[in-house]
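Good morning, everyone, and thank you for making the time. I would like to walk through one structure with you, going from a single contact set outwards to the whole chain, so please keep the view open while I talk.

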Amino acid sequence: MRERINFIAAAFALTALTYGLGRFAYGLLLPHIQQDLSLSATTAGWIGGSAFAAYCFGIVLAFAAGGLLGERRLAVLSGLTATSGLALVTIASSGWSLGAAIALAGLSTGLTSPPLAAAVAHCVEEAERPKANGAINAGTAAGIILSGLAVTAFPGGWRELYAVFAVIGAAVTVWLWFAMPAASGERRSGGLSVEGLTRPGVGGLCAGAFLMGAASTAIWTFGANILRSDLGFADGRIALAWSVLGAAGLLGAGTGLLTLRFRIGPVHRMASFVMALALIGLTAAPLAPMMAFGVMGLFGVAYIVSSGAFLLWGIALFSDRPDFGLGLPFLMVALGQTAGAPLFGIVLDAAGSGTALLSFAAIMASAAFWVPNAALTGEQEAARPGNMTSLPETPAECR
């Protein structure tokens, strides 16, 4: 039990590192980075998109190398990649060098989730897996909180902050090597046929995840810029809003409980509409600036719940390949973010933040129309704790 808790805690920390610091801290620190390196909104969008594009490559690499490296080595490689990318940001002197560093940090996120999902499948009882995966996924929120608090403590010093993040990354990577179940490194994932991608529900999963990812870049890449330019927020308020976003996102650790109670489809739909409402609310925030904190909180919890619902949806579709089941929706979210970040920057430059936010709110709302099919919903019903007649024994190496 103690080893299993240590593994989940380390997996939570890795998610906080790669997603919260390696991927999403860029949006918080962008105002100062943009000023220091003289970047346009379009260029900033392309750099943000590079992290999401690298994530897509990382997912593919994780599938290709997972059988060779095993979950432990692959997770440690994720930590090393994140640490290296964060360190390189500290010496970036142009848009090109910054883009390369941000892309390297983004690569780590693609390497993170598949091995963690596979390790959970090996080491956690079936009825507890949704809660474990939901808790690990909420690590993103913890990383966002940490970045917000760091900016509050050291306003304006984005290079120094990235150096601190790199040191944290090194510590998490060492912890992960000892915390990952020893036997998981010896396991190899089975093959996945092309026919597997035609399973009922895969198309809806991919479409919904892509649309959600594209629309989410309004906050993740440009949220801090909008708070500064439209609401006149200073660094301290921007960092506080970012911390509120992350703190609310921690509530997403309960996504597994929500899906067990209400099923994946309604939870996914609710989260999509809440994020769309948050984007609309941000357009009205200049009339009441304090409303921005509530808007960021709504977006934070809904994003973590949404990504957790996609995670569980994919794993339910590919119960024979949990690494692929998790990786596929996250790959589609990242593909959406790759397209969405530069697109939002273009619309922002051409038509202003109001038009851009409303347009992306419509995209977010459209993601809600893709839900799991009835067969998958039935599987979720059968997996509810109250309907379980027996539980598999926890593997000895994970006790």
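Let me begin with Ala224, which, once residues up to four places away in sequence are set aside, touches Gly27, Leu28, Pro31, Ile238 and Trp242. I should say at once that this is a predicted model, and everything I describe should be heard with that in mind. Ala224 lies in helix H9, which runs over residues 223-229, and Ala224 is buried, with a relative accessible area of 0%. From Ala224 to Ala241 the separation is 17 residues in sequence and 8.7 Å in space, taken from C-alpha to C-alpha.

Two of the residues that touch Ala224, namely Leu28 and Trp242, come up again when we turn to Ser147, because, with neighbours within four places in sequence left aside and contact meaning heavy atoms within 4.5 Å, Ser147 is in contact with Gly20, Leu21, Ala25, Leu28, Phe165 and Trp242. Ser147 is found in helix H6, residues 139-153, and at 0% relative accessibility Ser147 counts as buried.

A second serine belongs in this part of the talk, and that is Ser243, which sits in helix H10, residues 235-249. Is Ser243 buried or exposed? Ser243 has a relative accessible area of 10% and is buried, and, apart from neighbours within four places in sequence, Ser243 is in contact with Ile145, Gly148 and Leu149.

Moving on to charge, the count of salt bridges comes to one. Asp235 forms a salt bridge with Arg228, and the closest N and O atoms are 2.4 Å apart; Arg228 itself is partly exposed, at a relative accessible area of 31%.

On the outside, I would point you to Val174, Trp177 and Phe178, which make a nonpolar surface patch of about 340 Å². Of these, Val174 has its place in helix H7, residues 158-179.

Next, the backbone, where two residues other than glycine have a positive phi. Ser38, with phi near 55°, is in the loop between helix H2 (25-37) and helix H3 (41-89), and Ser38 is exposed, with a relative accessible area of 65%. Arg263, whose phi is about 80°, lies in the loop between helix H11 (255-262) and helix H12 (264-284), and Arg263 is partly exposed, with a relative accessible area of 30%.

Let me now take one helix as a whole, H15, which covers residues 353-367 and reaches 21 Å from its first C-alpha to its last, close to the 21 Å expected for its 15 residues at 1.5 Å a residue. In H15 the buried residues are Ser353, Ala356, Leu357, Phe360, Ala361, Met364, Ala365 and Ala367. Those residues cover an arc of only 170° around the axis, and therefore they lie on the same side of H15.

Finally, the overall picture. The protein has 16 helices and zero strands, and buried residues make up 59% of its 399 residues. Among contacts between residues at least 6 apart in sequence, 86% join residues at least 24 apart. The accessible surface comes to about 14,500 Å², and 68% of that surface belongs to carbon and sulfur atoms.

That is where I will stop, and I am happy to go back to any of these places in the view.

How values were computed. Residues are numbered from 1 along each chain as its sequence is written. This is a predicted model: local features need pLDDT of at least 70, side-chain atom pairs count only at pLDDT 80 or more; totals for chains, interfaces and linings use all residues. Side-chain values use heavy atoms; hydrogens and water are left out. Helices (H or I, at least four residues) and strands (E, at least two) are DSSP runs, numbered from the N terminus. The expected span of a helix is 1.5 Å times one less than its number of residues. Buried means under 20% relative accessible area, exposed over 50%, partly exposed in between (1.4 Å probe, protein chains only). The arc is that of the directions from the helix axis to the C-beta atoms. A salt bridge is a side-chain nitrogen of Lys or Arg within 4 Å of a carboxyl oxygen of Asp or Glu. Patches are made of residues with over 30% relative accessible area and no salt bridge: like charges are joined within 9 Å, nonpolar side chains (Val, Leu, Ile, Met, Phe, Trp, Tyr) within 5 Å. Accessible areas come from the Shrake-Rupley method with a 1.4 Å probe; for residues, only the protein chains shown count as cover.
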